[in-house]
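This report describes how the parts of one protein are arranged. Please examine the sequence and the structure before reading on.

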Amino acid sequence: MVRKTTDGMSDWFGWFPLSTFGDGRCYIVPGMGNTGVFETDEGLVIFDVPIKQYAQKTFNEIRQLTNKPVKYIIYSHGHFDHAFGYEPFIEEIKKKGWDMPEVIAHENCIKRFEKYRTLDKYHDWINKQQFASVRGKEQELLVSAHETLDPTIILRGNEDSYSFKLGKVNFEIYHDKGETDDSIWLWVPKKKTICTGDLMVSSFPNVGNPYKVQRYPKDWAIAMERMRDKNAEYLVPGHGKLIEGKGKVKDVLSITAEAMHFVHDEVVKRLNEGKWFEQIYYEMLEIFPEKFKKHNILRPIYGCYRFAIHASYRLYHGWYNSGNPTDLFPAKTDDIAREFLKLNSEEKYLEHAKKLYSESKKQLALHVLDIVVKGTDEKNVETLVEALKLKVKILKEKVQDETSFIAGNIIDNSAYQIKKRLKELKKKFN
Ligand SMILES: [Zn+2]
């Protein structure tokens, strides 16, 4: 189950019933990520397929609605929750002897699949941490990209678009960078509908995800504005329920564009003022406008503003981000901690960490605790165990205070790893 602190995440996970909208021949079928289905007289256009584990369920649900053949599958991007659950659709096509569908994606989606094949285990390790609370902490995510349904129509370059007609309905596809460099979105004028993929996920955009490669806040803003100019009546987000009504669609696209411009431009301004990351970060927290904090579509339940500051900084800056040459070729953190422990005992540091914790200075308490955790010899097991236990306690409390699902999982999973270490220590020294 998703933790209590991640209110709103049930929509993100697609735990809501499918719905029909527009002319009654448009459907949004949730399967972690959403599948948008458009029925025409000549067949179906499908925007995104679900996560592999939900593929059969989504397929069955679509087949309750329509028996038209699938003619086009469009990948908004190549993430596992948008491009992997295609099998039942293809099986049906083969069984019925229908023509294989066209599969549309951006060229970077193919490179993404290749990257996943190269970094299979690594991505599983990352995703285990990002989704720890729903998948269980030790479970494989089973999102291997070794078998993919590769695109037959490929959008190339930065400015590309593609359109086609099926059953007298025009479908317009556009490429813009945002969460990924392979993202495309769909505009169906006759159905007055936009499908955004993960450019809209019913949360603050997932820009600056701590584990993931660079994402694109400025391009994201531009994508939102291009979508807004279509004046859509319906918006199918990558995650979350259908957004309905011209005014509402315009509002969510506008405010997201504004927020992405804001975070990007304010970071750039500070880079031009010669500021280092720490100063930029804390200044940015101070100036975050109320209108963004209050807007429902920008709730920090998945991505969050704090991560977006990192994303904007990383767009233009290298890894040396402190301006302190001590950090250019730093010593090992364990060695640094040991030196601090030569000045004062473990007990003293532990005592001080407890004091900070009692004053609700949890983050500072963690920094002081790390001197004990990192510098103490394992033989000093009692103090080490006490420090680790306090660290777990603080981390668990931070999880409860945390709004972002991603941040919450990272902290929660770390607490779990420490608990595992505590068990090992108990075994070793009992
Ligand atoms: Zn997604």
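## Domains, helices and two unusual residues

Eleven residues of domain 1 are in contact with twelve residues of domain 3, where contact requires that the C-beta atoms of two residues, placed from the backbone, lie within 7 Å. On the side of domain 1 that touches domain 3, the elements giving two or more residues are α6 (120-130) and α7 (132-135). Helices (H or I, at least four residues) and strands (E, at least two) are DSSP runs, numbered from the N terminus. The residues of this side comprise four nonpolar, six polar and one charged. Here Ala, Val, Leu, Ile, Met, Phe, Trp, Tyr, Cys and Pro count as nonpolar, Asp, Glu, Lys and Arg as charged, and the others, Gly among them, as polar.

The model is a predicted one: local features need pLDDT of at least 70, side-chain atom pairs count only at pLDDT 80 or more, and totals for chains, interfaces and linings use all residues. Residues are numbered from 1 along each chain as its sequence is written.

The protein is divided into domain 1 (4-260), domain 2 (262-316) and domain 3 (331-429), with bounds from an automatic or database domain assignment. The C-alpha centres of domain 1 and domain 3 are 41 Å apart.

Two packed helices are described by the angle between their axes and the distance between the axes. For α13 (residues 333-343) and α15 (residues 362-375), the axes come within 8 Å and cross at roughly 105°. Axes are lines fitted to C-alpha atoms, for helices over the stretch in contact, and angles run from 0 to 180 degrees between N-to-C directions. The helices α13 and α15 are therefore roughly perpendicular to each other, a term for angles of 65 to 115 degrees. Helix α13 contributes Thr333, Asp334, Ala337, Arg338, Phe340 and Leu341 to the contact, and α15 contributes Asp370, Ile371, Lys374 and Gly375.

Two residues that are not glycines have a positive phi, as the table shows.

| Residue | Phi | Loop | Other C-beta atoms within 10 Å |
|---|---|---|---|
| Aspartate 48 | about 75° | between β4 (43-47) and α2 (55-65) | 28, buried |
| Serine 360 | about 65° | between α14 (346-358) and α15 | 9, exposed |

A residue is buried if 20 or more other C-beta atoms, placed from the backbone, lie within 10 Å of its own, and exposed if 12 or fewer do.

The buried residues of α17 include Phe405, Ile406 and Ile411.

Key
Angles under 35 degrees count as roughly parallel, over 145 as roughly antiparallel, 65 to 115 as roughly perpendicular and the rest as oblique.
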